[in-house]
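Where does this structure leave empty space, and what surrounds that space? The paragraphs below take up these two points, beginning with one chain and moving on to its voids.

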Amino acid sequence: MARRRAKNLQPTPSDPSVIAEAIAKAVVDGDVVNFRQIFGGLSPARPDTVETLADPKYSYLLPSSTQKQTPDFQTALRAVRSPDTWKHIEGELAAKRPPQLPSELLLSLGDHAVAQGKYTSAAQAYEVLRVRKDIQSRFFEAGRAALGERDATRSVAAYLIGLGLGYDYAAFPEPMPMVPEFPRRALILHAEAPRRPEDVIPFREPEVFLRLAIEYLLGEPDHADEICEAPMETRVAFFAELVRQRDPEWDAFVKRFAEAAALEKEWNDRLREMMAGDQNLRMYSQDIAEQLGEDPRRVPEILLGRAIPNGEWWQYLKELAYQHPPAALFVSRRMLGRVEFIAPRLRLDNPALAPIGLDATARLLAEKPPAAASTAQ
Amino acid sequence: MNDTQSQSDDLGYIDYAAILGVDDDARPGDVRNVYKKRMRELVRDISEATMTEAKRSHFLLEMAKLNAALYLLRDRELRDAYCAARAHLIELERDWRESVEQGGADSEDLRREYDRLLRDFLSRYVEELMLTAGTDPECLESSGWDAAHARHAAPLLRRYRHTLQLQIIARLPYFEVTPPRVDWPEREAWVNRMISEGAR
């Protein structure tokens, strides 16, 4: 086979104005990965590389014409081009060693990331600046102050941003930003199948339920403790706001929850009728389920809004927790015949239900079935 | 409970003699006696405590530290190697700081060497040592350390190691970024703006 001739490649420095725009875009986008890439060893912005930002494969680093017109971009570009900063940038791109990133741009990047909800990016930027903990603690202080003023909206916002800036120092191999991980935590919440009513999370005493629910939705216990020292009314308001901020599509879930609850209640009423009329059926739950003639997986399908082929209860739970994190607090595991599935559960006297739209469904579930007609054997 | 607070002024470079409460050159017999006394006290504290997740983690870490201190300090060879590594690291940190302050040309080389040795020291003498000590028969007998302890301890020790590293880095010259200038009053105003605009 003929040997391929090596291309005679010369370094092709990128246009400085394009480099400045790429850096400004990373700042405004709150994108710490692209920001680091521009300064990295293999960056197309370096003068000694054969790569160039003009290459279409690097178009993701460059701003669109629309973005260039925005005030935020113009401000960031001015900051990048300020004489001292630009001189530092040029020096770092030319140096043959790990770059020293310009801190004022990185701080601005972190701020833009927070404004856009890109908390992991912000956490990484602030961490390398060694200001992450201080900024995080200021959000928590503001959250506590708002809680004291009974302003649930501001309090929840403050705690969620503060927690979003968390870092997991136990991560392997290197520390990394903390993420909520609701699918994993929902499985831990439901790790044991309930044997008694008090094992069912939604059936617990309202105080106990709220403590558990707030810890689950925040993702850590310390701040849940301080929030649960507030008066009950404040806790309920905080929880309701937390549900809506963790799940902007909560109202859509509430509708499906009501539908699934109505279906399960209908089954339960029919099962009670069958058991009242047939002494033998009462003995064998498997027979009862078969007599019902329904697929129990219909309930989690309605909850999730779609079917998982041959889906197990934990698959439905994980998907549900991903789409609607608070949903895991209002279901429990249940067996019907040979099938285990997750089913809607609510406690009628839980004050946390009304603000999140579940009170009507709670009343439905609590309704007694109509008295069964007597059956002749 | 702050597990990252130094037992003494150890600069974040874990000092097992200070943890155990013995002199640097204590004899192996004295090390064992002090260890047994400290472990008895710790086991008593554990039995009397109302357990929470935070307390469990704290007690587990304390147990791991005492086990590691015994394992290291009762063996002259291990102890000498540890002391030499620790002293070298402290000296290298000083050399690097001086080089940065004086604008020395070798500061980047010193920083790389220091970073490499710091990671190695913390990995070897925090995480690995504590987990290895948990398999030592003498430690097992006194502390009751078992597979469940090791399983829970692994992420705890990793977190402890990284937290020690951050504690050290916090006082070192900036190298990944230019020294930031943060206007904290302005930052608090920004925090209030972010909260008002709402979390996503």
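What follows describes chain B and then two empty spaces, in a model that is predicted.

Chain B is built from helices: it has 8 of them and 0 strands. Read from one end of the sequence to the other, its pattern is therefore α-α-α-α-α-α-α-α, given that helices and strands are both taken from DSSP runs. The C-alpha trace of chain B spans about 55 × 50 × 25 Å along its principal axes.

Of the 200 residues in chain B, 42% are buried, where buried means under 20% relative accessible area. The contacts of chain B can be sorted by separation in sequence. Among those between residues at least 6 apart, 77% join residues at least 24 apart. On the outside, chain B exposes about 10,600 Å², and carbon and sulfur atoms supply 48% of this area.

The next topic is enclosed space. Rolling a probe the size of a water molecule over the atoms shows where empty space is left. A search of the whole structure finds 2 cavities of 30 Å³ or more. The second largest cavity has a volume of about 30 Å³. Its lining consists of B:Trp96, B:Arg111, B:Tyr114, B:Asp115, B:Leu118, B:Ile169, B:Leu172 and B:Phe175. Helix α5(B) gives the largest share of this lining, 4 residues. By class, the lining of the second largest cavity holds 6 nonpolar and 2 charged residues, with no polar ones.

Open space is the last topic. The second largest pocket contains about 850 Å³ of space. Which elements give two or more residues to the lining of this pocket? In chain A they are α7 (119-129) and α8 (132-148), and in chain B they are α5 (107-133) and α7 (147-169). The most comes from α7(B), which gives 6 residues to the lining of the second largest pocket.

In total, 28 residues line the second largest pocket. Those that lie nearest its centre are A:Glu127, A:Val128, B:Leu166, B:Ile169 and B:Glu176. By class, the lining of the second largest pocket has 11 nonpolar, 11 charged and 6 polar residues.

The two spaces can be set side by side through one residue. B:Ile169 belongs to the lining of the second largest cavity, and B:Ile169 is also among the residues nearest the centre of the second largest pocket. Helix α5(B) likewise appears in both descriptions: it gives 4 residues to the lining of the cavity and is one of the elements that give two or more to the lining of the pocket.

How values were computed:
Residues numbered from 1 in each chain as written. Chains lettered and ligands numbered in written order. Predicted model: local features only at pLDDT ≥ 70, side-chain atom pairs only at ≥ 80, totals over all residues. Heavy atoms only, no water. 1 Å grid on protein atoms, 1.4 Å probe; cavity = no way out; pocket = protein on both sides within 12 Å on 5 of 7 lines; lining within 4 Å. Points joined across faces, edges and corners; volume = space filled by probe spheres on them. Nonpolar A, V, L, I, M, F, W, Y, C, P; charged D, E, K, R; others polar. Buried < 20%, exposed > 50% of the residue type's maximum accessible area, 1.4 Å probe, protein only. Contact = heavy atoms within 4.5 Å. Areas by Shrake-Rupley, 256 points an atom, 1.4 Å probe, with all protein chains shown as cover.
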